[in-house]
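Q: Please take a close look at one part of this structure. I am new to it, so a connected account of how that part is put together would help.

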Amino acid sequence: MVKEMTVQKFDPPYSEAAVADLRERLTRTRWPDQIPGSHWDYGVSLDYMKEICRYWKDEFDWKRQIQKISAFHHYRFTSCGLGIHFIRERGKGPAPIPLILTHGWPGSFLEMVKVIPMLADPASFGANSADAFDVIVPSLPGYGFSDRPTESGVNTFRIADIWMELMKELGYERLAAQGGDWGADVTTLLALRHPERLIGIHLNSIPPYKPYLEAGTVLSDLEQDFLTEERRWYETSGAYDHLQKTAPQTLAYGLNDSPTGLAAWILEKFRDWGDCDGDIERRFTKNELLSNITLYWMTQTIPSSCRLYCEDKSAPLHFQKGDYVRVPCGIARFPKREGPLPPRRWVERGFNIRHWTEMPRGGHFPALEEPELLVEDIRLFFGALRS
Amino acid sequence: MRIEPFKVAVAEQVLSDLKTRIRNTRWPDSAPGAPWSQGTDLEWLRNLMDYWAEEFDWRAQEQRLGELAQFSIEIDGIRIHFVHARARGGRGIPLLLTHGWPSAFVEYLPLVPLLTDPARHGIDGPAFDLVIPSLPGYGFSERPRRAGVNYRYVAALWHRLMTELEYKRYGSGGGDFGAGVATLMALDRSDSIIGIHLTNLELAPYLGPGSRALSPAEKAYIGTSDLWWQSEGGYKAIQSTRPQTLGYSLNDSPAGLAAWIAEKWRSWSDCHGDLEGRIPRDFLLTLLTLYWVTGTITSSIRDYFDNRWHGITLGPEDFVRSPTAIANFTSQFAFEGDPPREWAERLYSVQRWTPMERGGHFAPTEEPVALARDIAVFFASLS
């Protein structure tokens, strides 16, 4: 019996026809109007949209971006018929430890392009080669070059199990994990469900989890304030979540058919969640923003990516009695995130916090925004766990 | 403020562009699970879009609309479009009818023959002079290019419209945003209002200090509404916080627009999940074509933003003294709750309360006869 090849090399695809179709659609954009002077009050500013979409149409070079991405080693892994794309860069050092980095929404594996070489080959960046990692960066199911699930049930629990399968297939018995946004949920579940295989986890955002609270637990004032703030935040800024959780399909038609519609939906989040004081390009270049958006466009994954919110409804990260992340946890708390910052006490209820860094700057996408700060913190945390 | 005749006439190029876009739709995958469980169903929508591009006859609809007397008038610097259908055989009771979202003046057209010529349709009651405007930013009405266009603003606009038409006292009716506008007309211009007729309750009454404790039925109603909000309220959350962001896709993709609007007509009408069993396909596509050719989806959803952040707050003194009729059409497919009469009585002098056995959010199109009868009986009782 021949064992099925579950890991295969993969080349990021490029299609000239798809680029021509995208340009054609951008040329034909039917713009909405905007209230003069309203800037970003009602959502993404029309002036900014026109500017970035003109660049997208006339100057952005997707082929060049694909070429750059192709410098990494890409593979696809198949788990129960579901293809998972990932990058694997082997560490250059005496004893690299495997590290799986998981992105979130509306990001992609492209968030990690700056940190991959820094983590895999620290010596080339003036750091110590003893800190090298074997870096694994998968695309979440339904994101980027991973398959789009056709059945329900591919939630964060399932994804964590697929990640463990993948790492085993790559020959890693013990591993480190890191993530933010959905990546923080998946990383938390790796540690919760497979503690014996995890060296430690590092999170750059606190997942929207609920710790298990014994009856009669009194929350601290800071925790109460946080929960109140979070509800308030949800009222003013949580609509994307509400919608993606309940009616992702209704939203899908417009976003999959209109590149400008897709761009607006994603750009809003980079501006709101990045540490940019409203000036999105202070943090992200047009090429960075548009590479991510073009990836969503070319792979037609905005519907499937939004569906993860729907999947989460039936499998939320609510800790049950006895649920506690025992493996060492490192938290890098960046000052800007999608909602209010959870206090340490709230996180300690569910996580074995060994390392907590208050970052001076950076937001929801630190691998793009503050790669040096993030990488340094990852090295520091896992450095202490290397033995 | 000259009143000018108005005729619906869409340029051929706009219609052919629409067809091209429909044929070029980049369809998403279908959602896993039961049809419609994650939003508008792919197969259903593809059928509708095929029909829209290949068979739907907009020119026939245009001709039908052309049979109605329509006008435009400039008030407060914006063009307002309205239908003016006078009572057969002389002056009737002036009645202004206002639609809501995601709807248009066409929702009210089934009432036109019934109320302008009731006798001919076996309806016992007075005849009406109907004024059916398009809300600012919907269809052929412009929306002021500034924030703060709320119920109160529209109420004042409508009063000026009725004054221009030389109606001193008139009735006002509506559902959804239209119910909010009718309420504000009665609050702000009670001397001009004969009575108001609502098909659903848009505004929550004042519930602050000094108000009566909630009855069990009111508590149950609020409970149902909250559940409805959790499962159905995503559209409202986004439209009241980031309408512009949503507008880019809906104004650029006919499929996106159709999915967004059709989902609401299915959830809110009394259709048991079979939208086309309740609402004729040609009607639905007339509505969608209106939104598309006028490019007004973005301006229409600004209503949610403006009424939330630049809206009105009802206080303990706010009470509608004008006679009020409520025809309670609550048989929505996605049940939003059954408001009890005492809930309505917090805000209105309820003189007529009619629980309707059938019909949901779009009563004028769903149950025109039942609604016309209720309107006729109510206004007959006031004259």
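A: In this predicted model, strand S8 of chain A, residues 325–333, pairs with strand S9 of chain A, residues 351–358. The two strands run in the parallel sense, and 6 bridges join them. One of the residues involved is A:Cys329 of S8(A), whose bridge partner in S9(A) is A:Ile353.

S8(A) also pairs with strand S7 of chain A, residues 198–203. This pairing is parallel as well and is made over 3 bridges. Here A:Cys329 appears again, standing opposite A:Ile201. A:Cys329 thus links to A:Ile201 and to A:Ile353 in S9(A).

As for exposure, S8(A) is mostly covered, with 8 of its 9 residues buried.

Elsewhere in the chain, two helices pack against each other: H2 of chain A, residues 46–58, and H10 of chain A, residues 259–273. Their axes lie 11 Å apart and form an angle of about 120°. Angles from 65 to 115 degrees count as roughly perpendicular and those over 145 as roughly antiparallel, so H2(A) and H10(A) are oblique to each other. Their crossing is right-handed. On the H2(A) side, the contact is made by A:Tyr48, A:Met49, A:Ile52, A:Cys53 and A:Trp56. H10(A) contributes A:Pro259, A:Thr260, A:Ala263, A:Ala264 and A:Leu267. By type, the residues of this contact comprise 9 nonpolar and 1 polar, with no charged residue among them.

Conventions:
Residues are numbered from 1 along each chain as its sequence is written. Chains are lettered from A and ligands numbered from 1 in the order in which they are written. This is a predicted model: local features need pLDDT of at least 70, side-chain atom pairs count only at pLDDT 80 or more; totals for chains, interfaces and linings use all residues. Side-chain values use heavy atoms; hydrogens and water are left out. Buried means under 20% relative accessible area, exposed over 50%, partly exposed in between (1.4 Å probe, protein chains only). Helices (H or I, at least four residues) and strands (E, at least two) are DSSP runs, numbered from the N terminus. Two strands pair if DSSP finds at least two bridges between them. Axes are lines fitted to C-alpha atoms, for helices over the stretch in contact, and angles run from 0 to 180 degrees between N-to-C directions. Angles under 35 degrees count as roughly parallel, over 145 as roughly antiparallel, 65 to 115 as roughly perpendicular and the rest as oblique. A crossing is left-handed if the near helix is turned anticlockwise from the far one by less than a right angle, and right-handed if clockwise. Contact means heavy atoms within 4.5 Å. Ala, Val, Leu, Ile, Met, Phe, Trp, Tyr, Cys and Pro count as nonpolar, Asp, Glu, Lys and Arg as charged, and the others, Gly among them, as polar.
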